Every structure is written in C-alpha cells, then in structure tokens.
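Colleague: I'd like a close look at just one part of this model, please. Pick a helix packing and walk me through it in plain words.

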Amino acid sequence: MEWLYWTIIVLSILLAFAGLIYPIIPGVVFLLGSFILYGLFFSFEPFNPLFWVIQTLFVLLIFIADYLANLFGVKKFGGSKAGVWGSTIGLLVGPFVIPVAGILLGPFIGAILGELIVHRTDVKTAVKIGIGSVAGFIGSVVVKLVIQLIMVVYFLVLVL
C-alpha cells in the first residue's frame with residue numbers, strides 16, 4: 001500500500017509543476033496537498049511548526065513573484081493595467097485555444113489586445129508590451145520553479 005501512497009504524493013507534486021506551464025492548474029495547492037497527503041498517509045510528525053511557517057512563506061513568495069513578474073514585464077515595456085489584464089486573461093485562455101504555443105502566445109496576444117482596445121496604443125508599442133508580458137511570464141515561471149523545487153527538497157529532506 002505504501003507504493004500507492006507515494007504514487008499519489010508524487011502525482012500531486014508533478015501536477016504542481018504542471019501548474020507552471022498551465023496556470024489554470026493551482027500548482028501551489030497541489031504542492032501543499034502533497035505534504036498533507038504525506039501526513040495523512042504516513043505521519044505529520046516530521047512537519048514541525050517551522051516547516052509549515054517556511055512553506056507558507058514560500059507560497060506567499062510564489063504569489064508575489066507571479067504577480068510582480070507579470071506587472072514588471074508589462075510595465076517595463078510601457079504597458080498599462082489593460083496590458084496586465086489582457087496578459088493575464090491570455091495566459092489563462094491561450095493554452096486551451098492554441099495548445100502548446102498558447103502558453104506564450106496567449107499573454108502576448110492578450111497584452112496587445114488589451115493595449116489596443118483600451119488605450120488605442122499604436123501596434124508597434126502594443127507588440128513591444130506583448131513581448132514584455134511574455135518576458136514577465138517566463139521570469140515568473142523560472143522563479144516559481146526554483147521556489148517549488150526548494151519546497152519539495154525541504155519536504156523530502158524531512159521525510160526520507
């Protein structure tokens with residue numbers, strides 16, 4: 001039965017990392033879920049209060065990094081709130097409309113459309129803002145990947 005429990009825990013961790021590519025998947029929820037599953041299946045004993053405080057801080061850092069990277073990417077390239085909103089909507093819709101490529105094209109097109117529709121920005125500037133939104137997304141994925149890896153390693157050090 002232990003192999004089944006570990007399979008469920010590992011699948012939950014893998015879903016957390018899939019959330020980096022498909023933002024509609026709440027990756028951090030699956031990651032925290034894997035820790036809770038370990039506690040339910042085996043024991044919560046390895047998880048002292050410091051573990052939960054550190055993991056909670058990492059979760060907050062993931063949310064902050066995600067928001068700031070998108071905001072910074074769009075703003076750095078001259079975008080507005082319309083570009084940020086368009087990028088966010090494109091990020092959520094893109095992978096479903098255009099499988100695989102939609103993860104990059106979604107925020108790019110969304111930021112462009114947001115700027116063109118709301119602020120009547122010229123196309124050249126809107127494309128530049130779209131590039132900024134993709135750069136912000138990629139930066140966000142890298143930061144979240146590192147944080148999630150640290151969270152998993154910390155978890156594994158305690159339980160193995």
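Modeller: Here is a walk along one helix and its partners.

First, some housekeeping: this is a predicted model, where local features need pLDDT of at least 70 and side-chain atom pairs count only at pLDDT 80 or more, while totals for chains, interfaces and linings use all residues. Residues are numbered from 1 along each chain as its sequence is written, and side-chain values use heavy atoms, with hydrogens and water left out.

Our helix is α6, residues 123-159. Helices here are DSSP runs of H or I with at least four residues, numbered from the N terminus. The axis of α6 comes within 9 Å of the axis of α1 (residues 2-21), and the two cross at roughly 160°. Those axes are lines fitted to C-alpha atoms over the stretch in contact, with angles from 0 to 180 degrees between N-to-C directions. So α1 is roughly antiparallel to α6, a label for angles over 145 degrees. The crossing is right-handed, meaning that the near helix is turned clockwise from the far one by less than a right angle.

Who touches whom? Contact means heavy atoms within 4.5 Å. From α1, the residues include Trp6, Ile13 and Phe17, and from α6 they include Phe137, Leu145 and Phe155. By class, there are 13 nonpolar residues, one polar and one charged. Nonpolar covers Ala, Val, Leu, Ile, Met, Phe, Trp, Tyr, Cys and Pro, charged covers Asp, Glu, Lys and Arg, and polar is the rest, Gly among them.

Next comes the largest nonpolar core, with 23 residues. Such a core is a set of buried Ala, Val, Leu, Ile, Met, Phe, Trp, Tyr and Cys residues joined through side-chain atoms within 4.5 Å; buried is under 20% relative accessible area, using a 1.4 Å probe and protein chains only. Ile13, Leu31, Met151 and Phe155 are among the residues with the most contacts inside it. Helix α6 gives the largest share, seven residues, and α1, α2 (27-41) and α3 (49-76) each supply at least two. Leaving out residues up to four places away, Leu31 touches Ile13, Ala16, Gln148, Met151 and Val152.

Finally, Ser140 sits in α6 too. Ser140 counts as buried because its relative accessibility is 2%. Beyond four places in sequence, Ser140 contacts Ala65, Asp66 and Ala69. Over in α3, Gly73 is buried as well, at 5%. Past that same four-place limit, Gly73 contacts Gly132, Ser133 and Gly136. The C-alpha atoms of Gly73 and Ser140 lie 9.6 Å apart, though 67 residues separate them along the chain.

Definitions and conventions
Angles under 35 degrees count as roughly parallel, over 145 as roughly antiparallel, 65 to 115 as roughly perpendicular and the rest as oblique. Buried means under 20% relative accessible area, exposed over 50%, partly exposed in between (1.4 Å probe, protein chains only).
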